[in-house]
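Colleague: I'm new to reading models like this one. Could you walk me through how the words used for it are earned?

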Protein chains: 2
Amino acid sequence: MNAEIIAVGSEMLTAGRLDTNSLFITDHLNGLGIEVTAKHVVGDDRARLVTTIRRSLEDADIVVLSGGLGPTEDDLTRDAVAQALGCGMSANAGILEAIETRFRTMKRQMPEINKRQAMVLDGAEILSNDRGTAPGQWRVTGNKVVVMLPGPPSELKSMFTRECLGRLAKIAPPTAIHTEVLRVTGISESQLDQTVAPIYVGRANLETTVLAHDGDLQVRFRAQCKTQADAAALSQEVAELAAVALGDNVYSRDGASLETVVGRHLAAAGQTLVVAESATGGGLAARITTVPGSSAYFAGGFVTYAKRMKTELLGVPESLLAEFGAVSEPTAKAMAEGARRVTGADWAISITGNAGPSTDGDQARVGEFYLGVAGPDKTEVTHRVWPVGDRDRARAFAVQAALDLLNRRLR
Amino acid sequence: MNAEIIAVGSEMLTAGRLDTNSLFITDHLNGLGIEVTAKHVVGDDRARLVTTIRRSLEDADIVVLSGGLGPTEDDLTRDAVAQALGCGMSANAGILEAIETRFRTMKRQMPEINKRQAMVLDGAEILSNDRGTAPGQWRVTGNKVVVMLPGPPSELKSMFTRECLGRLAKIAPPTAIHTEVLRVTGISESQLDQTVAPIYVGRANLETTVLAHDGDLQVRFRAQCKTQADAAALSQEVAELAAVALGDNVYSRDGASLETVVGRHLAAAGQTLVVAESATGGGLAARITTVPGSSAYFAGGFVTYAKRMKTELLGVPESLLAEFGAVSEPTAKAMAEGARRVTGADWAISITGNAGPSTDGDQARVGEFYLGVAGPDKTEVTHRVWPVGDRDRARAFAVQAALDLLNRRLR
């Protein structure tokens with residue numbers, strides 16, 4: 001059984017935009033044993049879109065479209081699928097009411113054009129959208145299926161997970177899949193691959209993937225076998241060997257993010273955390289608070305971007321800043337200890353550095369950071385340099401490394 | 001004149017890989033006035049690849065393939081193009097010698113399979129590869145062109161720049177492009193489209209695109225005309241009409257982000273800004289500090305995630321929190337005024353809300369926020385509800401709206 005994915009929208013054909021929805025869809029289709037054999041990106045051009053849909057239906061059992069379900073004249077997916085299949089459409093009263101309610105909740109009047117989003121193909125099942133106004137549609141045609149999903153990734157992911165996985169599982173071939181994930185930090189992607197390659201290379205029925213994102217790594221071992229027990233045994237055996245080889249660089253084996261793992265340690269110990277950030281400008285606090293329920297252990301923090309804020313809010317002595325500079329080990333130490341002292345928290349992380357693009361008055365190199373962790377026992381400061389040449393990435397690496405340092409202290 | 005791009009390789013159809021080469025190619029083709037009307041990704045499957053090439057040649061003047069030029073059995077691009085065009089191939093002695101030399105330089109023996117890379121389609125021009133072994137090919141067929149490029153981005157970019165740009169310029173239509181961008185916030189995507197559609201619909205030589213990301217909108221007017229003056233006049237005329245219709249919802253006309261525009265206002269006035277964040281947990285500060293040089297006007301801020309931090313760091317009275325709750329107009333007001341008072345900054349933004357996923361003790365609805373802006377003259381608090389059902393998106397919307405409120409006060 002195979003699938004093709006069509007991303008719809010002229011903006012997807014510009015130089016700045018990539019179709020990332022297809023990665024999510026591919027991952028889940030593969031998980032059900034459905035192979036993705038082609039992907040297409042088509043602009044808001046009805047004739048081309050109709051042709052592409054017809055060709056994909058010739059070549060694939062399942063055709064998944066993303067985008068083009070919005071309210072404007074440009075949103076052609078509904079019309080194009082109806083034309084490709086030669087079927088009619090009609091307005092659905094329930095959807096119309098849901099869209100009107102959504103606008104009322106936001107105290108806005110529904111624009112007339114949003115009515116287009118209530119048009120449903122004859123014979124289609126409606127896929128509910130809990131993140132936006134555009135419902136999706138699931139339309140069987142012969143022994144094939146056309147699935148229409150909205151373009152915004154958050155809407156697409158929620159809809160696909162809630163409405164499509166179950167329907168797809170019913171039509172997918174019987175196969176058993178088990179995936180084990182190790183989440184890893186503190187080493188490079190190539191170090192990780194070099195460490196685990198001897199373990200996974202040449203194993204039948206096993207697919208290994210390494211993902212890396214700003215210092216946060218994961219290695220996925222996906223076994224596809226005839227029985228669930230075989231798939232679980234194979235992937236677990238390989239993951240266990242890899243975990244031993246990677247040692248304490250593995251921070252989670254259940255998929256949990258680093259900020260989630262740190263939160264679990266803090267919650268279990270009944271301890272609290274605060275942060276004091278300079279170069280990362282709130283990015284560390286923002287990442288910690290992506291975890292629902294983080295208020296149980298995260299009290300808050302300081303963004304001491306200006307030097308005087310370091311002195312006034314955290315009590316970093318002016319003389320210390322003058323002598324060593326804002327990007328220095330003594331400053332990182334004083335920031336972490338000051339944040340802990342002022343708030344009474346058990347733990348404090350500090351970050352000071354130069355994210356670039358240029359060198360400031362302190363003469364800290366671009367990419368140079370000091371990361372402090374103050375705890376009940378002691379304060380440790382780590383010096384790191386990320387010559388990534390990209391402000392956002394340097395900041396992301398610093399946040400990742402700071403969380404890693406705290407996690408190694410906590411466990 | 002239009003083009004289609006085909007990325008070849010089964011690895012490009014896995015969940016972890018995106019075809020980024022097409023962004024580079026698209027950028028350069030657009031610059032020559034050649035529109036990219038579709039992109040495809042196909043695995044290492046000869047029949048599918050031949051079909052895809054034939055279909056693209058039906059629909060496009062230029063077909064650019066990337067990948068599949070390696071030495072292995074899986075590398076099918078040469079064979080598939082020959083089959084699609086019905087033409088022969090033969091080994092090229094010059095290429096063979098170049099590959100052998102390359103291996104000798106690395107003190108290795110050329111594997112036998114690399115000879116496949118010396119196969120050239122009858123009638124094709126060779127595109128030299130200065131970064132790897134696989135040469136590209138440029139094959140005219142009728143009034144169309146098929147371009148074969150290697151998959152590794154560094155090889156592709158060098159080859160495209162050196163060997164393809166000049167050839168493409170010779171066949172591209174004489175054309176000039178000018179793009180005007182309006183960046184907009186404070187209204188929905190559909191409101192924006194309803195407002196500007198009457199201005200752009202039906203205009204010849206004009207392509208209009210609306211992009212939306214967590215409340216941040218942009219509308220791009222791209223004019224393609226015979227002369228640069230015509231293209232600039234057309235896109236500027238339409239952008240001017242749209243800017244008038246959108247009024248003060250337009251925050252920049254030079255592509256600058258909202259945080260950049262806010263920073264320009266502050267820097268021009270010689271004023272400083274601080275923030276006090278609860279639900280957004282540092283996300284506002286992090287966004288403000290993505291701007292290089294933001295330290296000129298951004299002093300820092302407070303992440304007062306726990307209630308007691310609001311009291312201890314910002315002086316929000318406990319009695320006020322008890323009476324109205326943390327997510328309330330009085331709390332947002334006291335947070336902004338407290339941050340301004342404690343730091344001596346000219347401006348302070350506060351954000352308090354419930355990003356979800358559940359309702360906390362304060363009984364604030366999920367998605368409910370209060371945004372405060374305290375300035376030299378007064379403090380204003382705005383109440384907003386985003387029923388987006390997604391913690392990250394609710395936070396992103398709140399950050400966007402808070403910046404928008406400050407920007408409207410500043411200008």
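Modeller: Happily! Let's begin with chain A, which has 13 helices and 17 strands. Keep in mind that this is a predicted model.

Colleague: How do you know what confidence the predictor has in chain A?

Modeller: We look at pLDDT, which runs from 0 to 100. The mean pLDDT of chain A is 93, and 99% of its residues reach 70 or more. For the model there are also two scores, ipTM 0.74 and pTM 0.76.

Colleague: Which domains is chain A divided into?

Modeller: The bounds come from an automatic or database domain assignment. They give domain 1 (2-171), domain 2 (176-252) and domain 3 (258-410). Between the centres of domain 1 and domain 3 of chain A, taken over C-alpha atoms, the separation is 43 Å. The C-alpha trace of chain A spans about 80 × 55 × 40 Å along its principal axes.

Colleague: Now a single residue: why is R222(A) called buried?

Modeller: A residue counts as buried if 20 or more other C-beta atoms lie within 10 Å of its own. R222(A) has 21 within that distance, so it is buried. Of the 411 residues in chain A, 49% are buried.

Colleague: Where does R222(A) lie, and what is it in contact with?

Modeller: R222(A) lies in strand β11 (residues 216-225) of chain A. Leaving aside neighbours within four places in sequence, its contacts are I177(A), T179(A), E207(A) and S235(A). The test for a contact is that the C-beta atoms lie within 7 Å. Take T179(A): 43 residues separate it from R222(A) in sequence, yet their C-alpha atoms are 4.2 Å apart in space.

Colleague: How many residues does each chain give to the contact between A and B?

Modeller: Chain B gives 60 residues and chain A gives 61. On the chain B side, the elements that give two or more residues include α1 (21-31), β2 (35-42) and α13 (391-410). The residues of that side divide into 26 nonpolar, 23 polar and 11 charged.

Colleague: What makes β2 of chain A and β2(B) a pair of strands?

Modeller: Two strands pair if DSSP finds at least two bridges between them. Strand β2 (residues 35-42) of chain A and β2(B) have five bridges, so they pair, and they do so in the antiparallel sense. To find one of these partners in the structure, start at V42(A): its bridge partner in β2(B) is A38(B).

Key:
Residues numbered from 1 in each chain as written. Chains lettered and ligands numbered in written order. Predicted model: local features only at pLDDT ≥ 70, side-chain atom pairs only at ≥ 80, totals over all residues. Contact = placed C-beta atoms within 7 Å. Helix = DSSP H or I, 4+ residues; strand = E, 2+ residues; numbered from the N terminus. Nonpolar A, V, L, I, M, F, W, Y, C, P; charged D, E, K, R; others polar. Buried ≥ 20, exposed ≤ 12 C-beta atoms within 10 Å, placed from the backbone.
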